[in-house]
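Colleague: I would like to take a close look at one part of this model with you, going slowly enough that a first-year student could follow each step.

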Amino acid sequence: MGEDGAVTSAPQRPDGQTPAPRLIATDLDGTLLRDDKSVSERTVAALAAAEEAGVEVFFVTGRPARWMDVVSDHVHGHGLAICANGAAVVDLHAGREFVLVRALPRAAALSVVEALRAAAPGTSFAVEMTTGINYEPAYPPFFKDPGAILATAEKLLQEDTDDSAAPVLKLLAHHNELAPDEFLELARSAAGSYASITRSSPTALLEISGHGVSKASTLALCCAERGISPDEVVAFGDMPNDIEMLDWAGTSYAMGNAHPAVIAAASGRTTANDEDGVAVVIERIVAERIGRRQQDSGAELPERNF
């Protein structure tokens with residue numbers, strides 16, 4: 001996923017003193033996951049250590065709920081994950097049950113389709129719903145679902161559906177010729193008044209959510225329920241769909257393989273996803289938390305094993 005040279009040296013820590021973190025928010029693809037989509041043993045151990053030390057971990061991803069099996073075994077405590085760029089909160093302990101849905105109104109999605117057809121001819125669309133994904137015949141075969149409906153976006157989003165129609169989580173837009181960042185800028189200019197538009201793919205594939213829906217805004221809701229302030233959150237990411245979350249969190253790290261705009265937005269930088277950059281920082285957070293507890297109790301500090 002990365003679009004910048006990888007960092008292989010020690011992470012760059014943010015300047016100044018930050019409160020002891022109470023919550024870690026991490027993206028998955030290109031961040032927590034290695035390029036082969038696996039979770040390394042080191043990362044598994046770091047996630048468990050964070051939860052044991054009293055630091056909650058939230059997976060915050062653009063993935064739909066049905067693609068969360070890769071990390072389902074590694075979510076502890078609350079069991080919740082933020083999916084579809086903030087459009088859904090799901091309970092991984094309860095079979096990916098939807099706890100919160102922040103839908104994209106169909107009328108707004110249709111307005112985006114109309115605007116992008118005019119501004120970027122050749123755009124093809126897919127519609128991600130709580131029940132699965134449907135797409136246009138011209139949409140690229142990324143992960144084709146044999147049960148999907150093939151139709152124009154206008155038909156898939158028709159407004160005369162009854163109240164039982166599944167909520168729309170994301171509209172996906174792909175272009176075969178435009179550069180990814182060029183397509184994102186064009187789409188925001190043409191359709192940004194109707195919805196939130198971002199991207200996380202190395203291709204010209206845009207992810208379109210309800211206006212104001214983002215990883216950051218849904219994470220803020222989850223943190224408010226827990227009485228956790230932004231200053232008590234450490235966030236990790238690598239692509240433009242992570243930028244708002246990294247801006248919102250009190251401490252944030254861009255991966256060594258991150259997009260240049262992500263590096264500019266984060267307060268710190270860690271090593272690449274294939275070098276367990278998230279685990280590197282979590283290990284330090286846990287060690288410092290244990291150290292503070294030992295100091296408060298007056299006990300002798302244990303030797304660090306990280």
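Are Y135 and Y139 buried or exposed? Please start from there and describe the surroundings of these residues, beginning with the sheet.

Modeller: Please keep in mind throughout that this is a predicted model. Both Y135 and Y139 are buried, and they also belong together in another way, as one of the two aromatic pairs that a search of the whole structure finds. A pair of aromatic rings is described by the distance of the centres and the angle of the planes. For Y135 and Y139 the ring centres are 6.2 Å apart and the planes stand at 15°; planes under 30 degrees apart count as stacked, so this pair is stacked. The other pair, F236 with Y253, is likewise stacked, with 5.5 Å from centre to centre and 15° between the planes. That second pair links distant parts of the chain, since F236 sits in strand β11 (residues 233-237) and Y253 in strand β12 (residues 251-254), 17 residues apart. F236 and Y253 are both buried.

Let us return to Y135 and follow the backbone around this residue. Y135 lies in β7, where it is the bridge partner of A126. Strand β6 (residues 124-129) pairs with β7 in the antiparallel sense, over four bridges. Strands of a sheet pair through backbone hydrogen bonds, either parallel or antiparallel. The pairing of β6 and β7 is part of an open sheet of five strands, which follow one another in the order β7-β6-β8-β10-β9 with antiparallel pairing. The strands at the edges are β7 (132-135) and β9 (196-199), and each has a single partner strand, so one side of each is left without a neighbour in the sheet. Neighbouring strands of this sheet are turned by 25° against each other on average, if direction is ignored.

At the other edge, β9 runs antiparallel to β10 and is joined to it by four bridges. In this pairing R199 stands opposite L206 of β10, and the chain passes from β9 to β10 through a hairpin of five residues.

Now we can add the helices that accompany the sheet. Helix α4 (residues 106-119) lies across β6, β8 (168-174) and β10 (205-209), and it runs at about 5° to β8. Helix α6 (residues 180-191) packs on the sheet as well, where it touches β8, β9 and β10, and its direction makes about 180° with that of β9.

These two helices also meet each other, for the axes of α4 and α6 come within 9 Å and cross at roughly 125°. That angle makes α4 oblique to α6, and α4 passes α6 in a right-handed crossing. On the side of α4 the contact is made by V112, A115, L116 and A119, while α6 contributes L186, A187, A190 and A191.

To bring the picture back to its starting point, Y135 is paired with A126 across the bridges between β6 and β7, its ring is stacked with that of Y139, and both of these tyrosines are buried.

Note on methods. Residues are numbered from 1 along each chain as its sequence is written. This is a predicted model: local features need pLDDT of at least 70, side-chain atom pairs count only at pLDDT 80 or more; totals for chains, interfaces and linings use all residues. Side-chain values use heavy atoms; hydrogens and water are left out. Rings of Phe, Tyr and Trp (its six-membered ring) pair if their centres lie within 6.5 Å; planes under 30 degrees apart count as stacked, over 60 as edge-to-face and the rest as tilted. Buried means under 20% relative accessible area, exposed over 50%, partly exposed in between (1.4 Å probe, protein chains only). Two strands pair if DSSP finds at least two bridges between them. Axes are lines fitted to C-alpha atoms, for helices over the stretch in contact, and angles run from 0 to 180 degrees between N-to-C directions. Contact means heavy atoms within 4.5 Å. Angles under 35 degrees count as roughly parallel, over 145 as roughly antiparallel, 65 to 115 as roughly perpendicular and the rest as oblique. A crossing is left-handed if the near helix is turned anticlockwise from the far one by less than a right angle, and right-handed if clockwise.
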